[in-house]
Amino acid sequence: MKPNRELSRRNFLAASGAVVAATSVAIQTTAAEPSVSPSDSKLAIDGGPKAVQEKLKPVKRWGEPERERLNAAIEQNTMFYWQGPQTKLFTERFREVCPVKYVMTCSSGTAALHIAAAAAGIGPGDEVITTGITDVGTVIGVLYQQGVPVFADLGASTYNLDPADVERKITPKTKAIIAVHLAGNPCRMDELKAIADKHNLVLIEDCAQAWGAKYRGKPVGTIGHIACFSLQQTKQITTGDGGAVGSSDERFGPLLQRFGDKGASRTKPGLQTLFATNYRMTELQAGFAAAQLTRLENIASTRSHNGNLLGEKIRGLPGIVPHGIDPADRATYWFYMFCMEPKKFKCDRAQFVKALVAEGVPASAGYIPVALYGNPVFQKHGFFAGRWPVKEMGLTSMDYSKVSLPETKRILDNSIRMVFREEMTESFMVSVADAIRKVAEHYAV
């Protein structure tokens, strides 16, 4: 947020709550009246005026709070994480955001997910159900544990796992589910948790894009068995790279530190009983992350408010399907994504996006070019020096070249993604909605 436009936390939360309430009503109504006048309806790509005129001023993502933590770390005689004061502070503040008993800081969100997979006991041939529309980091840990990612289909506009299809994908080899809260939009956690409990599966939450998000008022990461977060440069809060993994489950929580620290127990040192990687985070990163956490509520509230506002403004537009956010949840919009219905437009997605960009909207075609299983390394099963040992040994019959998920394909073919940043204002969101409306009406069949 801009320093001269800061709202109090109370006002922010009130504003966000009002928007959520309005959104739940707006589902029954048509889109809001356009701000673009008929004389401005000529597309910018054809020489008309841009719908988005506002020039955004980047906000500083770090400053004195982070400098204070770094200075404190410099005065220490250690930068090692174990019992370090910066790690201790980060852990305390992390628990305020995600109340879990056990926390392990680590080097990335991918590392957090690998630690989770190891703690969950994923081994050769074990199947883990997840989404095909996510960063590859979601499944890297599963593969390195010699597990088998199994991809389930998604909800039409939520872009998250469809619980019904998750249950259809369960086999005797299934060991876990990884629920990815894509773009900060919470998954249908009650249903996924019920499925996990019914089949005795481990439910891992990939919260990499979901800092500050809430499911039915509960912080994401607190519903499943293990929670994984990323602090990569583009996330809501960051240390450049970094992560955290947490759990309150006594089966997995005590293992998180060991699986992030070469298998070593810092509380009960002795002979090696576990084999693991080194994913430790330094005190410098932990101190920086602790400072970033003081900014999270304002960031999360801003993103939630603006994303809900944009969704409200474009809801009801013919041929446009807004991001599917449940009014009972708080999404924190790492990005905003909507879908176009191709049959309702006389242009393809590429042209639609080109027109939006000309109007001043920071838009692009979808999130990733193909689902994870569509990448060559999956199609060729070449994960380890061009080979996949578990398949060669007959521990899995998985063939990613035969995976076909209709809703996943539809989302990849028809979605349009918009970048989200804290400096975006309400007026900017309204002008973006005007641009989407302007382009949609121009190309409508």
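Which residues of strand 8 lie on one side, which on the other, and are they buried or exposed? Ile226, Cys228 and Ser230 sit on one side of strand 8, Ala227 and Phe229 sit on the other, and all of them are buried. Keep in mind as we go that this is a predicted model.

Let's stay with strand 8 for a bit. Strand 8 covers residues 226-230, and 5 of its 5 residues are buried, so the rest of the structure largely encloses it. The split into two sets of side chains fits a general pattern: in a regular strand, side chains alternate between the two faces of the sheet. For strand 8, both of those faces are covered.

Who are the neighbours? Strand 5 (residues 202-206) runs parallel to strand 8, and 3 bridges join the two. If you want a landmark there, look for Ile204, which stands opposite Ile226 in strand 8. Strand 9 (residues 243-247) is joined to strand 8 too, this time by 4 bridges and in an antiparallel arrangement. The landmark for that pairing is Ala227, with Gly246 of strand 9 opposite.

Now jump further along the chain to another sheet. Here 4 strands make an open sheet, with antiparallel pairing and the order 10-11-13-12. Strand 10 (320-321) and strand 12 (363-365) are the edge strands; each has a single partner strand, so one side of each has no neighbour in the sheet. Strand 12 is held to strand 13 (residues 415-419) by 3 bridges, and the two run antiparallel. Within that pairing, Ser364 has Arg417 of strand 13 standing opposite.

Two helices pack on this sheet. Helix 10 (residues 296-314) touches strand 10, strand 11 (335-340) and strand 13, and its direction makes about 15° with that of strand 11. Helix 11 (residues 349-358) touches strand 10, strand 11, strand 12 and strand 13, and the angle between its direction and that of strand 12 is about 170°.

On to the charged side chains. Searching the whole structure turns up 25 salt bridges, and a few are worth a visit. Take Asp126 and Lys175, whose closest N and O atoms are 3.8 Å apart. This pair ties together distant parts of the chain, 49 residues apart: Asp126 is in the loop between helix 4 (109-119) and strand 2 (127-131), while Lys175 is in strand 4 (residues 174-180). How do the partners differ in exposure? Asp126 has 19% relative accessibility, which is under the 20% cut-off, so it counts as buried. Lys175, with a relative accessible area of 29%, is partly exposed.

Glu167 and Lys198 form another salt bridge, at 3.1 Å from N to O. Again distant parts of the chain are linked, with Glu167 in helix 6 (residues 163-168) and Lys198 in helix 7 (residues 189-198), 31 residues apart. Glu167 is partly exposed, at a relative accessible area of 29%, whereas Lys198 is exposed, at 63%.

The salt bridge between Asp434 and Arg437 is a local affair, with the closest N and O atoms 3.0 Å apart. Both residues belong to helix 15 (residues 426-443), and because they are 3 residues apart there, about one helical turn separates them. Both Asp434 and Arg437 are buried. Elsewhere, Asp165, Arg168 and Lys169 are joined into one network by salt bridges that share partners.

What about the nonpolar side of the surface? Ile74, Met79 and Leu284 make a nonpolar surface patch of about 260 Å². Of these, Leu284 lies in helix 9 (residues 283-293), and its relative accessibility of 37% makes it partly exposed.

Finally, two backbone spots to check in your viewer. Gln146, in the loop between helix 5 (137-144) and strand 3 (148-152), has a phi near 65°, a positive value in a residue other than glycine. Arg216 is a further non-glycine residue with positive phi, near 50°. You'll find Arg216 in the loop between strand 6 (214-215) and strand 7 (218-219), where it is partly exposed at 39% relative accessibility.

How values were computed: Residues are numbered from 1 along each chain as its sequence is written. This is a predicted model: local features need pLDDT of at least 70, side-chain atom pairs count only at pLDDT 80 or more; totals for chains, interfaces and linings use all residues. Side-chain values use heavy atoms; hydrogens and water are left out. Two strands pair if DSSP finds at least two bridges between them. Contact means heavy atoms within 4.5 Å. Axes are lines fitted to C-alpha atoms, for helices over the stretch in contact, and angles run from 0 to 180 degrees between N-to-C directions. A salt bridge is a side-chain nitrogen of Lys or Arg within 4 Å of a carboxyl oxygen of Asp or Glu. Buried means under 20% relative accessible area, exposed over 50%, partly exposed in between (1.4 Å probe, protein chains only). Patches are made of residues with over 30% relative accessible area and no salt bridge: like charges are joined within 9 Å, nonpolar side chains (Val, Leu, Ile, Met, Phe, Trp, Tyr) within 5 Å. Accessible areas come from the Shrake-Rupley method with a 1.4 Å probe; for residues, only the protein chains shown count as cover.
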